[in-house]
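Here are my notes for a colleague who is meeting this structure for the first time. They are set out as numbered points, to be read with the structure open alongside.

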Amino acid sequence: MNVFGSKVTVILKRTRTPIAKTHLNNIAAGGRGELIDPSSLPERLIDDAVAAAVAEGLQVAGVDMIVDSETGKWYVMEVNGSPALAVGIFTEEHMQAYTEYLEQLLDRAKTSLK
């Protein structure tokens with residue numbers, strides 16, 4: 001999940017293919033990726049992703065989460081201060097969300113200067 005400010009913007013769900021001979025679900029390792037609408041996920045999950053970014057002191061973050069297939073419990077695996085925005089898949093969606101976040105920051109900065 002990409003977290004910009006206090007908002008989850010783009011969620012990329014990665015899954016490994018059934019024929020994969022590895023536990024990895026990375027796109028580069030043959031995994032599949034699909035965009036997930038943040039509103040389709042439980043609010044608690046979104047809140048946890050934002051809290052993980054805040055705990056790391058990051059305004060821009062990629063938060064990797066995983067669900068336990070037996071219990072359904074979610075875990076934060078990693079918080080990246082440099083999420084992949086311009087490489088990989090769905091770069092247009094990532095860059096659009098980042099651009100909107102930067103525009104909001106610029107608007108706030110301009111308002112505070114007045």
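1. In this predicted model, D48 and R44 both belong to helix α1, which covers residues 43-55, and they sit 4 residues apart, about one turn of the helix. An α-helix has 3.6 residues a turn, so residues three or four places apart point the same way. The side chains of D48 and R44 meet in a salt bridge, with a distance of 3.3 Å from N to O, and the structure holds 1 salt bridge. As to how far the two residues are covered, D48 counts as partly exposed because its relative accessibility is 28%, whereas R44, at 62%, counts as exposed.

2. For orientation, it may help to go through the chain as a whole. The chain contains 2 helices and 6 strands, and from the N terminus on its elements follow the order β-β-β-β-α-β-β-α. Of the 114 residues in the chain, 23% are buried. Among contacts between residues at least 6 apart in sequence, 45% join residues that are at least 24 apart. The chain exposes about 7900 Å², and carbon and sulfur atoms supply 53% of that area.

3. The sheet deserves a look of its own. An open sheet is formed by 4 strands in the order β2-β1-β5-β6, and the pairing is antiparallel. The edges are taken by β2 (7-8) and β6, each of which has a single partner strand, so one side of each is left without a neighbour in the sheet.

4. Within that sheet, strand β5 (residues 60-67) pairs with strand β6 (residues 74-80) in the antiparallel sense, over 6 bridges. Two of the partners can be followed by name: G62 has N80 as its bridge partner in β6, and D64 has E78 as its bridge partner in β6. The hairpin of β5 and β6 has 6 residues between the strands, and in this hairpin G72 takes a positive phi near 80 degrees.

5. The surface also carries a nonpolar patch, which is made by I66, Y75 and M77 and amounts to about 310 Å². One of these residues, M77, lies in strand β6, and M77 counts as exposed because its relative accessible area is 55%, where the cut-off for exposed is over 50%.

6. Which residues of helix α2 are buried? They are H94, A97 and Y101, and what covers the buried residues of α2 includes β1 (2-4) and β5. The helix itself has 23 residues and reaches 33 Å from its first C-alpha to its last, close to the 33 Å expected at 1.5 Å a residue.

7. H94 is worth examining separately, as a residue placed in helix α2 (residues 91-113). H94 counts as buried because its relative accessible area is 5%, and the cut-off for buried is under 20%. Once its neighbours within four places in sequence are set aside, H94 is in contact with N2, F4, V10, A84, L85 and I89.

8. In the loop between β6 and α2 one finds F90, a residue that has a positive phi of about 60 degrees although it is not a glycine. With a relative accessibility of 27%, F90 counts as partly exposed.

9. The last residue I would point out is L41, found in the loop between β4 (32-36) and α1. Is L41 partly exposed or buried? L41 is partly exposed, because its relative accessible area is 22% and only values under 20% count as buried. Not counting residues up to four places away in sequence, L41 touches M1, I11, I36 and I46. For one of these, I11, the separation along the chain is 30 residues, and the C-alpha atoms of L41 and I11 are separated by 10.0 Å.

Terms used
Residues are numbered from 1 along each chain as its sequence is written. This is a predicted model: local features need pLDDT of at least 70, side-chain atom pairs count only at pLDDT 80 or more; totals for chains, interfaces and linings use all residues. Side-chain values use heavy atoms; hydrogens and water are left out. Buried means under 20% relative accessible area, exposed over 50%, partly exposed in between (1.4 Å probe, protein chains only). Contact means heavy atoms within 4.5 Å. Two strands pair if DSSP finds at least two bridges between them. The expected span of a helix is 1.5 Å times one less than its number of residues. Patches are made of residues with over 30% relative accessible area and no salt bridge: like charges are joined within 9 Å, nonpolar side chains (Val, Leu, Ile, Met, Phe, Trp, Tyr) within 5 Å. Accessible areas come from the Shrake-Rupley method with a 1.4 Å probe; for residues, only the protein chains shown count as cover. A salt bridge is a side-chain nitrogen of Lys or Arg within 4 Å of a carboxyl oxygen of Asp or Glu.
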